[in-house]
Amino acid sequence: MPLHARAPALHRSSHLLPTATARLRPCAAPAAKPRRRTRSSSLVRASNSDPPQQQVNLSVLRFTLGIPGLDESYLPRWIGLGFGALVVLNHLLSPSPTPAQLRSEALGLCLAAFSATLPFLGRFLEGADAARRVPLPEGSSQVFVMSENLSAVQKEDMAWASYVLLRNTNTTSVVIAIGDLFCVRGYWNPPANTSKYAMIEWFKSQMQQVGLVDLKDALYFPNSSDSQLVKILPDGILSVLAQPILSPDPANNETKTEGVILLASNANYAYTEKDRAWITTVANKFRRA
């Protein structure tokens, strides 16, 4: 009797086994999903493990409209004049303007006039004079030379920094000097008939004579250049800014001068406080960690 009692149980389990197996088979398909997630996460880790030189650093960029010949600082003036002209056109096309429309048009003209005068008001508050850019003399020529012992990453960094400084500020001439590594770009008056190596050596000797190599604080001459800097600067320069590249020295609890960025412009008061702060940020990109 016990054997007969156990037999139906065994018989039932044999029937349930295919059913349980059939129920477990659909669960095998989702088992492949964790593998796909693992592959995707490995791809993300691989992309994050790229060298830092290939990542674009946007912390020191200034974004502009990119329209050739358009000065973005005068953009509020053109917007004010455009909308003011639309208000006048709307008044002329109205057959019988109502008092509410006249009040709205008067307010719109006031706002358009304020927008048109905003660039001049900003320059007045910054303390800039009304002098415009002075044309560069014919003797100046465009120069772009770098030291030959620069690595590929250093060449890319110096070329990028010199470009954004010339593009986003009122700079016409720039020199980036970090130890014996130099990058000279813009309008300069170097000695005639000199090779790139001789030109770099000439800039290096001139900056050592002036004393810009061990500069601790930024020097800014907004409307005239220093008498000692005249030897190295091209003709027609009205503003000069020397921004040192400082790195912390934990051993002595002080800062160490790594190099200097020399900027020259053919305009008075070429660098505002905002420009100088941005140039300091660019210079900090070259300091050692």
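In the predicted model, the charged end of Arg77 sits over the ring of Trp78, at 4.6 Å from the centre of that ring. A further arrangement of this kind involves Arg185, which lies over the face of Phe144 at 4.1 Å from the ring centre. The strand pairing gives the setting of this second arrangement, since Phe144 stands opposite Arg185 in β3.

Strand β3 is paired with two other strands. It runs antiparallel to β1, to which it is joined by 6 bridges, and it also runs antiparallel to β2, again through 6 bridges. Within the pairing of β2 and β3, Ser173 stands opposite Gly186 of β3. These two strands form a hairpin with 2 residues between them, and in this hairpin Gly179 takes a positive phi near 65°. Of the 8 residues of β3, 7 are buried, so the strand is largely enclosed by the rest of the structure.

The largest nonpolar core of the model comprises 24 residues, and Trp188, Phe203, Leu212, Leu233 and Leu262 are the members with the most contacts inside it. Two or more residues are given to this core by each of the strands β1 (141-146), β2 (173-178), β3 (181-188), β5 (239-249) and β6 (254-265), and likewise by helix α6 (196-210). The largest share, 6 residues, comes from α6. A second, separate core contains 22 residues, among them Cys183, Leu241, Val282 and Ala283. In soluble globular proteins, nonpolar side chains tend to be buried together.

The surroundings of Phe203 illustrate the packing in the larger core. When neighbours within four places in sequence are left aside, Phe203 is in contact with Val175, Phe182, Val184, Trp188 and Ile232. Phe203 is buried, with a relative accessible area of 0%, and for Trp188, which is buried as well, the relative accessible area is 0%.

The structure holds 3 aromatic pairs. One of them is formed by Trp188 and Phe203, whose rings are arranged edge-to-face, with 5.2 Å from centre to centre and 85° between the planes. Because Trp188 lies in strand β3 and Phe203 in helix α6, this pair ties together parts that are 15 residues apart in sequence. Phe203 also forms an edge-to-face pair with Trp202, in which the centres are 4.9 Å apart and the planes are at 85° to each other. Both Trp202 and Phe203 are buried, and the residues Trp188, Trp202 and Phe203 form one aromatic cluster.

Thr280, located in helix α7 (residues 273-284), presents another set of contacts. This residue is partly exposed, with a relative accessible area of 27%. The side chain of Thr280 reaches the backbone oxygen of Arg276 at 2.8 Å, and it also makes a polar contact, at 3.3 Å, with the side chain of Gln243. With respect to Ile261, Thr280 is 19 residues away in sequence, while the C-alpha to C-alpha separation of the two residues in space is 9.4 Å.

Definitions and conventions:
Residues numbered from 1 in each chain as written. Predicted model: local features only at pLDDT ≥ 70, side-chain atom pairs only at ≥ 80, totals over all residues. Heavy atoms only, no water. Core = buried A, V, L, I, M, F, W, Y, C linked by side-chain atoms within 4.5 Å. Buried < 20%, exposed > 50% of the residue type's maximum accessible area, 1.4 Å probe, protein only. Helix = DSSP H or I, 4+ residues; strand = E, 2+ residues; numbered from the N terminus. Contact = heavy atoms within 4.5 Å. Polar contact = N/O pair within 3.5 Å; in protein donor to acceptor, adjacent residues only side chain to side chain. Pairing = 2+ DSSP bridges. Phe/Tyr/Trp six-rings, centres within 6.5 Å; stacked < 30°, edge-to-face > 60°. Lys NZ or Arg CZ within 6 Å of the ring centre and 35° of its normal.
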